[in-house]
Amino acid sequence: MTNSRVDALDDAWVRPRPLRRGYRNDAVLAVVVFMLSLGSLELYYSIGFYPDPAPVWLGVLMVLLQSAPLAWRRRYPVSVLVVSAAVFMAVQILNVPEVLFSNIAFFIAMYTAGAWGRHRRLSMVSRLVVIAGMFVWLFSALLAPAFAASLADRDVVGSVSPVVAVGLVTILQNLLYFGGAYYFGSRAWIAARERAALQDRTEQLAEERERTAAQAVSLERLRIARELHDVVAHHVSVMGVQAGAARRVLQRDPQQAVESLSAIESSAREAVDELHRMLTTLRDDSRPVEVGDAVDGPSMHGVEQLPELLGDARSAGLAAELTIVGDPRPLSPLVSITVYRVVQEAITNAIKHAGASASIDARLRYLDAVVEVEVTDSGGLPARSATGQGSGLGIVGMRERLAAVGGTLEAGPRARGGYLVRADIPTASAVARPREATQ
């Protein structure tokens with residue numbers, strides 16, 4: 001996931017509401033706090049916490065009002081905080097002798113406003129206002145009269161006066177109380193947001209893995225289709241021409257027919273060997289898949305086998321010549337097999353579309369940064385597309401192979417007759433990072 005996506009999630013994220021089980025737990029919490037508050041209320045009455053305490057019925061009512069809103073604390077966190085603060089102040093003003101669980105309930109309400117507030121600015125402002133209001137009320141309504149009554153006539157026995165000491169202890173106690181509720185509530189919300197971001201990243205990675213797997217399957221299907229086409233189409237085309245030649249000379253020249261049948265046998269064996277190599281590679285799960293596998297497949301052919309390839313064409317009755325221009329240099333296996341497959345496909349197309357009477361001229365030029373392959377035929381059967389773009393699978397396969405190595409393809413009929421296939425294949429760094437043919 002990108003940083004901008006994470007930032008957008010942080011700004012717009014709203015914490016999902018809890019499930020029904022969470023609401024049930026809140027109701028149970030409210031009941032537990034109320035029952036414990038009743039027990040605490042009885043204890044405080046028993047010890048005479050206030051000289052003039054509120055009536056029992058009023059104490060029960062106030063602890064009920066303090067604990068009951070907790071059942072809705074995660075539905076309406078800010079509202080529960082405001083109600084809890086008001087009841088907390090009323091408990092103190094009315095001299096209700098219950099301090100322990102009133103403080104706990106108020107702490108839970110403030111924590112929940114920070115942890116579950118769906119509107120973050122409202123949650124922050126409401127908590128700050130409640131804290132400020134509590135400090136103002138605490139000092140003006142409770143501490144000032146208490147200090148005046150109980151500490152006015154006391155002597156200083158330490159380094160700090162009793163009034164200052166009580167004030168500092170009270171401030172520290174309330175800072176820890178309110179600060180803890182504020183901090184832990186905010187941290188709970190941040191932790192929930194981080195979990196949501198992590199889950200979103202996990203989902204994105206899962207989707208990316210699915211897309212990558214689907215793309216890998218598509219690339220593998222394309223590779224298999226190209227290899228099957230290259231292996232089968234060429235050899236079957238050669239065998240078809242040889243079979244036709246054998247049929248024509250079978251009566252008048254049996255020896256020539258035998259040679260044609262031998263060529264058919266040789267082509268068939270070679271086709272079976274290549275198919276066996278390809279299928280063995282596909283079934284071998286232990287072999288690591290390299291980048292070049294998507295385009296060069298299991299075949300061991302390369303530029304070194306181009307003379308044999310032209311020899312197959314000559315054995316099929318075509319006049320085929322190979323010319324090498326420039327100083328030959330070592331080529332990477334990926335470039336070498338691409339050159340071989342382009343020439344093979346061009347010869348296959350010539351056999352299929354130009355007929356047995358056509359002549360083939362193949363040229364391999366070693367240039368500075370590229371190797372250029374050019375295959376032309378003299379033409380014959382009028383069965384080719386006039387567009388020059390190639391609508392068959394062979395032309396499509398050549399374009400995919402060349403796109404994978406950063407090369408270009410020109411294929412189309414020549415003005416003076418026949419057909420031209422020209423490919424430029426980079427031999428430098430452009431081949432080091434082949435592009436995916438399906439992009």
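## A walk through the model, starting in the sheet

Select Asp-361 first: across from it, in strand 3, stands Thr-376. Before you go on, keep in mind that this is a predicted model.

**Stop 1: strands 2 and 3**

Now widen your selection to the two strands around that pair. Strand 2 and strand 3 run antiparallel and are joined by seven bridges. Look at how the chain gets from one to the other: the two strands form a hairpin, with three residues between them. If you're wondering what holds such neighbours together, strands of a sheet pair through backbone hydrogen bonds, either parallel or antiparallel.

**Stop 2: the other side of strand 3**

Stay with strand 3, residues 370–377, and look for strand 5, residues 419–426. These two are also antiparallel, and eight bridges join them. For a pair to click on, try Val-371, whose bridge partner in strand 5 is Ile-425.

Is strand 3 largely enclosed or open to the outside? Switch on a surface and check: seven of its eight residues are buried, so the rest of the structure largely encloses this strand.

**Stop 3: strands 4 and 5**

Next, pick Ala-411 and find Val-421 standing opposite, in strand 5. You're now looking at the pairing of strand 4 with strand 5, which is antiparallel and has six bridges. These two strands make a hairpin as well, with five residues between them. Zoom in on the turn and select Gly-417, which has a positive phi of about 105 degrees.

**Stop 4: the whole sheet**

Time to zoom out and show every strand. In what order do the five strands line up? They form an open sheet in the order 1-2-3-5-4, with mixed pairing. At the edges you'll find strand 1 (319–325) and strand 4 (408–413), each of which pairs on one side only. Turn the sheet in your viewer and compare the strand directions: on average, neighbouring strands are turned by 10 degrees against each other, if you ignore which way they run.

Then add helix 10, residues 306–315, which packs on this sheet. The helix touches strand 1 and strand 2 (359–366), and its direction makes about 160 degrees with that of strand 1.

**Stop 5: two buried residues in helix 2**

Leave the sheet and jump to helix 2, residues 20–47. Select Asp-26 in this helix. Buried or exposed? Asp-26 has a relative accessible area of 1%, so it counts as buried. To see what surrounds it, skip the neighbours within four places in sequence and show Leu-70, Ala-71, Arg-73 and Arg-74, which are in contact with Asp-26.

Ser-37 sits in helix 2 too. With a relative accessible area of 3%, Ser-37 is buried. Again leaving out neighbours within four places in sequence, its contacts are Val-63, Glu-98 and Phe-101.

**Stop 6: a nonpolar patch**

Go back to the surface view and select Trp-57, Leu-61, Leu-64 and Leu-65 together. They make a nonpolar surface patch of about 390 Å². Take Leu-65 from this group: it is found in helix 3, residues 56–67. Its relative accessibility is 38%, so Leu-65 counts as partly exposed.

**Stop 7: an odd backbone angle**

Follow the chain to the loop between helix 4 (77–93) and helix 5 (100–116), where Asn-95 lies. Why stop here? Most residues other than glycine have a negative phi. Asn-95, though not a glycine, has a positive phi of about 60 degrees. At 27% relative accessibility, Asn-95 is partly exposed.

**Stop 8: the start of helix 8**

Now select Gln-256, in helix 8 (residues 254–283). Gln-256 is partly exposed, at a relative accessible area of 33%. Draw a line from its C-alpha to that of Ala-246: how far apart in space are Gln-256 and Ala-246? The distance is 7.0 Å, while in sequence the two are ten residues apart.

**Last stop: the full view**

Finish by showing the chain as a cartoon. It has twelve helices and five strands. Of its 439 residues, 42% are buried. The accessible surface comes to about 23,800 Å², and 61% of that belongs to carbon and sulfur atoms. One more thing to look for is how the chain meets itself: among contacts with a separation of 6 or more, 75% come from residues 24 or more positions apart.

Key
Residues are numbered from 1 along each chain as its sequence is written. This is a predicted model: local features need pLDDT of at least 70, side-chain atom pairs count only at pLDDT 80 or more; totals for chains, interfaces and linings use all residues. Side-chain values use heavy atoms; hydrogens and water are left out. Helices (H or I, at least four residues) and strands (E, at least two) are DSSP runs, numbered from the N terminus. Buried means under 20% relative accessible area, exposed over 50%, partly exposed in between (1.4 Å probe, protein chains only). Contact means heavy atoms within 4.5 Å. Accessible areas come from the Shrake-Rupley method with a 1.4 Å probe; for residues, only the protein chains shown count as cover. Two strands pair if DSSP finds at least two bridges between them. Axes are lines fitted to C-alpha atoms, for helices over the stretch in contact, and angles run from 0 to 180 degrees between N-to-C directions. Patches are made of residues with over 30% relative accessible area and no salt bridge: like charges are joined within 9 Å, nonpolar side chains (Val, Leu, Ile, Met, Phe, Trp, Tyr) within 5 Å. A salt bridge is a side-chain nitrogen of Lys or Arg within 4 Å of a carboxyl oxygen of Asp or Glu.
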